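Biologist: Please take me through a close look at one part of this model, the grouped aromatic rings, and say how they sit within the rest of the chain.

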Amino acid sequence: MTNDFPAYGRRRAPLPPQRQVPDEAAYDPLSAGAATATMPAAAAHSAGTTAGTGVRTAERPAPQTHKGASRDAFFDNAKYLAIVLVAMGHSWEPLRDGSRSAAALYITVYAFHMPAFIIISGYFSRSFDMRKDRLQRLITGVAVPYILFEVAYSLFKRWADNDPHYPISLTDPWYLTWFLLALFIWRLTTPLWKIVRWPVPLALAIAALAATSPNIGNDLDLQRVLQFLPFFVLGLCLKPEHFQLVRNKRARIAAVPVFACALVFAYWAAPRMNAAWFYHRDSAQELAAPWWSGVVMTLAMFGCSLVLVACFFAWVPGRTMWCTALGAGTLYGYLLHGFLAKGSRFWNWYDTPWVHKPWGMVLITLAAGTFITLLCTPPVQRAFRWAMEPKMTWAFKKDPVGA
């Protein structure tokens, strides 16, 4: 931790360490940066007395960490498991037409895996303001990867899909890059959500209006930005104790029948419901539904997604595990696996008959989980850090002397 005490003429007693708000610049939900997510363990244990008073204060337990960094293992585990579900969901997409079970799994996972990511995004954006270092981190950790991978995906589509005239557009995200653009916009609006009285109801109202507005268009993928907005704002409003509510044995037990009911409902709904509702990228009218259904579906899906996200968090381990360190590399897995996911369609891998057999679906699922895991490992992080987390010190002005 840096020393923020003013340099006065005489020495002052250090202030007692305070509970810190998680810093988005240090702990992005998809970032590989292994910086502080909570108060460092050493500082927490040193909070034995209040300076200048001699009154002993209660010591706070140190958070579980891994690799010597003060990161909460729970969130890294959640990020890793969620990114594995993202890859598995993409592997099931071409199987839905021939398998109702695959369609049910696909719908269930899509109901909560991106909301979980976005809630974590909001939670670790609570400290965001217009401070110089945080704006720089927003540019280098979100905007620059968006630009690089939007261009890379467009060029890949030109080559792999034999579409040499596919346009390169930074205002119309293609495939996975929409999340980076949305995160950039959400985070810039964070200071506004901190000052309004009822942020989550207001965000829900905006999302509902977006779901009834077919004229928004594809620029900046604003439909997704607005329809997923309530999850980000909810994350901004959450506190550590809210996550503790679902991290207990009773919640884990309750999550089992809830997920079972969700799978049964998804199996029933698969042939009756348009799965595009879960993408949050179209208005109700664009999905051939009446305008008022956009309001109803926005509220209903927000509630259902929250229940499933809570069940997912209930089963996320809070201890350090073999996969915990991989949670720091989810940005790499997220952006890089898209080339294989799309390539498998362009190159017609799913036309092979065995893929659509039950054992083939299991094999494809395991392969997707293994591949995304490898992409989150440290060697991949080192190889692609120049694109995912460039320092770019040359691009920013230095602070004036004495500022």
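**The aromatic cluster and its setting**

Modeller: Happy to. The accessible surface of the chain comes to about 20,300 Å², and carbon and sulfur atoms account for 64% of that (Shrake-Rupley method, 1.4 Å probe; for residues, only the protein chains shown count as cover). This is a predicted model, so local features need pLDDT of at least 70 and side-chain atom pairs count only at pLDDT 80 or more, while totals for chains, interfaces and linings use all residues. Residues are numbered from 1 along each chain as its sequence is written, and side-chain values use heavy atoms, with hydrogens and water left out.

The chain has 16 helices and zero strands; these are DSSP runs numbered from the N terminus, helices being H or I of at least four residues and strands E of at least two. Of its 403 residues, 50% count as buried (under 20% relative accessible area; over 50% is exposed, in between partly exposed; 1.4 Å probe, protein chains only).

Now to the rings. There are 38 aromatic pairs in the structure: rings of Phe, Tyr and Trp (its six-membered ring) pair if their centres lie within 6.5 Å, with planes under 30 degrees apart stacked, over 60 edge-to-face and the rest tilted. Phe149 and Phe339 have ring centres 6.3 Å apart and planes at 45°, so this pair is tilted. Because Phe149 lies in helix H5 (residues 132–160) and Phe339 in helix H14 (residues 330–346), the pair ties together parts 190 residues apart in sequence. Phe149 is buried, at a relative accessible area of 6%.

Helix H5 also supplies Tyr153 to a pair with Trp174, which sits in the loop between H5 and helix H6 (178–188), 21 residues apart. Their centres are 5.9 Å apart and their planes at 65°, so the pair is edge-to-face. Both partners are buried: Tyr153 has 0% relative accessibility, and Trp174 has 13%.

Ring pairs join these four residues to others in a cluster, among them Phe156, Trp159, Tyr166 and Trp349. Over the face of Tyr166 lies Lys157, 5.3 Å from the ring centre; such a charge counts if NZ of Lys or CZ of Arg is within 6 Å of the centre and within 35 degrees of the ring normal.

As for the wider chain, among contacts (heavy atoms within 4.5 Å) between residues at least 6 apart in sequence, 78% join residues at least 24 apart. Ile118, leaving aside neighbours within four places in sequence, touches aromatic residues including Trp178, Phe179 and Phe228.
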